[in-house]
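Me: I should like to learn how to read the features of a protein model, one at a time. Please give the general idea of each before turning to the case at hand.

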Amino acid sequence: MAKQAGRWNAIYYAGYDLSGLSNQFDFSVEFAEADTTGFLEGAENSIPDEPKGSAALTVFLDPDTDKSHDALKTPGSYTDHHLCILLGQNAAPTIGDPALAMVCKQFSYNAKFARKSAVMADVAVNSAGELPDVNGIVLANTTITNTTTFSVVDHSESTEDGGAGYLQILTPASTDTYVIKIQHSSDNITYSDLITFTADGSARISERGESGDVTVNRYMRVLATRTGSAGDDLKLCVVFARQGIHE
């Protein structure tokens, strides 16, 4: 992988595209420190405790419908949302590019006003229930108008511990609906369903689906099957992260 320019990243949160409304983010996985220092020991000792994921976004404050203020104006909600950060390889992010993803809750929204600069806001989110997935791969990131079988990603080998898929509906279809699936194959000929998302493309939303503890085959793709004939625009992003690939 070549060194990459930061301007090719894309940021999707809860079904909102914040890419052109943001210029900085931090994404981290860290472990709380458990003190294990005993009596008479000459130095402090510690071990990793529970892990935690967090992200900090800096966004331009845009009050228009479906822009940054709509996406981020209600911190403190008990509702889980999903953050996907796509890492374009010196080009717009596309199928096969790496991605970061997490289930999260938003905890702050702090706007900063200055006389001679654009209004900016700092946003903090923390992982909720699941550790962030830092080994994600983009399986879809485009606008479609009909049933679409997306390009195949070859992972070189199968893995045995399942994985998690993330769906972002960024431009909902106004009339049509879709069944959106992640599929896998051992031979790039016969495909079976791995994850079928609940969201049908009719509303702006994000979702995480799990495959269970199953073998995930070498080849992967997304299938989006349309119901209806209006030909509405549907912009979607799908990310998949295999589990256990670093073990």
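The dialogue below takes up cores, contacts, salt bridges, cysteines, backbone angles and a surface patch.

Me: On what terms should this model be read?

Reply: The model is predicted, and local features need pLDDT of at least 70, side-chain atom pairs count only at pLDDT 80 or more, while totals for chains, interfaces and linings use all residues. Residues are numbered from 1 along each chain as its sequence is written, and side-chain values use heavy atoms, with hydrogens and water left out.

Me: How is a nonpolar core defined, and which residues have the most contacts inside the largest one?

Reply: A nonpolar core is a set of buried Ala, Val, Leu, Ile, Met, Phe, Trp, Tyr and Cys residues joined through side-chain atoms within 4.5 Å. Buried means under 20% relative accessible area, exposed over 50%, and partly exposed in between, with a 1.4 Å probe and protein chains only. The largest core here has 23 residues, and Leu139, Ile180, Ile182 and Val238 have the most contacts inside it. At least two residues of this core come from each of β8 (133-144), β11, β12 (177-185), β13 (192-196), β15 (219-227) and β16 (234-242). Another core, of 21 residues, lies apart from it and includes Ala14, Ala55, Ala71 and Leu72. Strands here are DSSP runs of E of at least two residues, and helices are runs of H or I of at least four, both numbered from the N terminus.

Me: Which residues does isoleucine 180 touch?

Reply: Contact means heavy atoms within 4.5 Å. Leaving out residues up to four places away in sequence, isoleucine 180 touches Leu167, Ile169, Ile195, Thr196, Phe197, Ala199, Val222, Leu223, Ala224, Leu236 and Val238.

Me: Where does glycine 163 lie, and what does it touch?

Reply: Glycine 163 lies in strand β11, which spans residues 163-171. With 7% relative accessibility, glycine 163 counts as buried. Beyond the residues up to four places away in sequence, its contacts include Ile195, Gly209, Glu210, Phe240 and Ala241. The C-alpha atoms of glycine 163 and leucine 194 are 9.4 Å apart, although 31 residues separate the two along the chain.

Me: Is serine 54 buried or exposed?

Reply: Serine 54 counts as buried, because its relative accessibility is 14%. It is found in strand β4. Among the residues that serine 54 touches, not counting those up to four places away in sequence, are Asp26, Phe27, Met102 and Asn126.

Me: How is a salt bridge recognised, and how many does the structure have?

Reply: A salt bridge is a side-chain nitrogen of Lys or Arg within 4 Å of a carboxyl oxygen of Asp or Glu. A search of the whole structure finds 10. One of them pairs aspartate 80 with lysine 105 at 2.4 Å, N to O. Aspartate 80 lies in the loop between α1 and β5 and lysine 105 in strand β6, so this pair ties together parts that are 25 residues apart in sequence. Glutamate 210 and arginine 208 meet in a salt bridge at 2.6 Å, N to O. Through shared partners, salt bridges join Glu130, Asp133, Arg208 and Glu210 into one network. Aspartate 70 also forms a salt bridge with lysine 73, where the closest N and O atoms are 3.4 Å apart. Aspartate 70 is partly exposed at 21% relative accessibility, and lysine 73 is partly exposed at 43%.

Me: Why do cysteine 84 and cysteine 237 form no bond?

Reply: A disulfide is a covalent bond between the sulfur atoms of two cysteines. The criterion is a pair of cysteine sulfur atoms within 2.5 Å. The closest cysteine sulfur to that of cysteine 84 is in cysteine 237, at 5.4 Å, which is too far for a bond. By this rule the count is 0 disulfides. Cysteine 84 is buried, with a relative accessible area of 0%, and cysteine 237 is buried, also with 0%.

Me: Which phi value does aspartate 66 have, and which does asparagine 90 have?

Reply: Phi of aspartate 66 is near 65°, a positive value in a residue other than glycine. Aspartate 66 is found in the loop between β4 (46-60) and α1 (68-72). Phi of asparagine 90 is near 60°, likewise positive in a residue other than glycine. Asparagine 90 lies in the loop between β5 (81-87) and β6 (98-112).

Me: What makes the nonpolar surface patch?

Reply: Patches are made of residues with over 30% relative accessible area and no salt bridge, like charges being joined within 9 Å and nonpolar side chains (Val, Leu, Ile, Met, Phe, Trp, Tyr) within 5 Å. Accessible areas come from the Shrake-Rupley method with a 1.4 Å probe, and for residues only the protein chains shown count as cover. Val29, Phe31, Leu131 and Val134 make a nonpolar patch of about 350 Å². Valine 29 is in strand β3 (residues 22-35) and counts as partly exposed at 39% relative accessibility.
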